[in-house]
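Got a few minutes and a viewer open? Work through the exercises below, and try each task before you read its solution.

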Amino acid sequence: MELAQTADAGSSMSPQDQPVVFVVDDDVSVRLSLESLILSAGWCPKAFESALAFFSHPRPNVPNCLILDVNLPDISGLDLQKLVSAEWTDTPIVFVTGFGDVAMTVKAMKAGAVEFLMKPFHADTLLSAVKEALERSRTALEFNSEVRALQDRHASLSCREQEVMALVVSGLLNKQVGFELGISEITVKAHRGQVMRKMKARSLPDLVNMAARLNLTQ
């Protein structure tokens, strides 16, 4: 594996803000080479020899990804991919292996892998895949953060305000909402105003979009 020249990508970042690149490979020489390459690109490497060791590490709250070998001492890389996809949803995977085939590649890519590389591979190819994976992770983290904020706002609504919001975003007019809930149209308007304020919605379409992201419209 050819190492790339040292990059300045992380020089302006504090250590706690640096993207983390996990490596799970039972070959110590591969781990050391990948750690050096990751550092040269300005990212923070964290290498493990097994899936169990990887999962014992705290989940990061920064953009991150996983460089994963297919053959591991405890479980296969493909099985670890399933666990990561379920529990670490903002951690994209780049597979590297010396013993792969077309069927394995297709399975990994269908399950969401960013890339599937055969050893030996060129350093630039791996760095490009890791960069894409970190961008995916950054996007996922931002989305999850926004959804959590929306969930907090929705939880701040009273039960009646939540009922009004659900009916309003379903397309009902104030008069129809009042009929459904057995309250006056004026009361509906008051609750609707509170919903818009607490949810920080700029317009009805904005509120509908928020409800969709919260899965309230299904």
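What follows is a set of short exercises with worked solutions.

This is a predicted model, so to set the rules: local features need pLDDT of at least 70, side-chain atom pairs count only at pLDDT 80 or more, and totals for chains, interfaces and linings use all residues. Residues are numbered from 1 along each chain as its sequence is written, and side-chain values use heavy atoms, with hydrogens and water left out.

**Exercise 1. Confidence**

Task: find the mean pLDDT of the protein, and the stretch where pLDDT is below 50.

Solution:
- Step 1: pLDDT is the predictor's confidence in each residue, from 0 to 100.
- Step 2: the protein averages 90, and 92% of its residues reach 70 or more.
- Step 3: residues 1-12 are the stretch below 50, with 25 contacts (heavy atoms within 4.5 Å) in the model beyond near neighbours in sequence.
- Step 4: where pLDDT is low, don't read the predicted coordinates in detail.

**Exercise 2. The sheet**

Task: work out the strand order of the open sheet and say which strands stand at its edges.

Solution:
- Step 1: take helices (H or I, at least four residues) and strands (E, at least two) as DSSP runs, numbered from the N terminus. Two strands pair if DSSP finds at least two bridges between them.
- Step 2: the five strands run in the order β2-β1-β3-β4-β5, with parallel pairing.
- Step 3: β2 (44-48) and β5 (115-118) are the edge strands; each has a single partner strand, so one side of each lacks a neighbour in the sheet. From one strand to the next, the twist averages 20°.
- Step 4: now count bridges. β1 and β3 run parallel and are joined by five, with phenylalanine 22 opposite leucine 66 in β3.
- Step 5: β3 and β4 pair in the parallel sense over four bridges, and leucine 68 has phenylalanine 95 in β4 as its bridge partner.
- Step 6: β4 (residues 93-97) also pairs with β5 in the parallel sense, over four bridges. There, valine 94 stands opposite glutamate 115 in β5.

**Exercise 3. What covers the sheet**

Task: are the residues of β3 buried or exposed, and which strands do α1 and α4 lie across?

Solution:
- Step 1: buried means under 20% relative accessible area, exposed over 50%, and partly exposed in between (1.4 Å probe, protein chains only).
- Step 2: six of the six residues of β3 are buried. One side holds Asn64, Leu66 and Leu68, and the other Cys65, Ile67 and Asp69.
- Step 3: axes are lines fitted to C-alpha atoms, for helices over the stretch in contact, and angles run from 0 to 180 degrees between N-to-C directions.
- Step 4: α1 (residues 28-40) lies across β1 (20-24), β2 and β3 (64-69), at about 165° to β2. α4 (residues 102-110) lies across β4 and β5, at about 150° to β5.

**Exercise 4. Two helix pairs**

Task: describe how α8 packs with α7 and with α6.

Solution:
- Step 1: α7 (residues 174-181) and α8 (residues 185-199) pack at about 105°, with axes 8 Å apart. They are therefore roughly perpendicular to each other (65 to 115 degrees; under 35 is roughly parallel, over 145 roughly antiparallel, and the rest oblique).
- Step 2: in that contact, Asn174, Lys175, Val177 and Gly178 of α7 meet Glu185, Val188, Lys189 and Arg192 of α8.
- Step 3: α6 (residues 159-169) and α8 pack at about 90°, with axes 9 Å apart. That makes α6 roughly perpendicular to α8.
- Step 4: the residues meeting there include Val164 and Met165 in α6, and Val188 and Val195 in α8.

**Exercise 5. Backbone oddities**

Task: which peptide bond is cis, and where do lysine 200 and asparagine 215 lie?

Solution:
- Step 1: for background, most residues other than glycine have a negative phi, and most peptide bonds are trans.
- Step 2: the bond from lysine 119 to proline 120 is cis, with omega near -5°. Proline 120 lies in the loop between β5 and α5 (123-155).
- Step 3: lysine 200 has a positive phi, near 60°, and lies in the loop between α8 and α9 (204-213). Lysine 200 is exposed, at 59% relative accessible area.
- Step 4: asparagine 215 has a positive phi of about 60° and lies in the segment after α9. At 48% relative accessibility, asparagine 215 counts as partly exposed.
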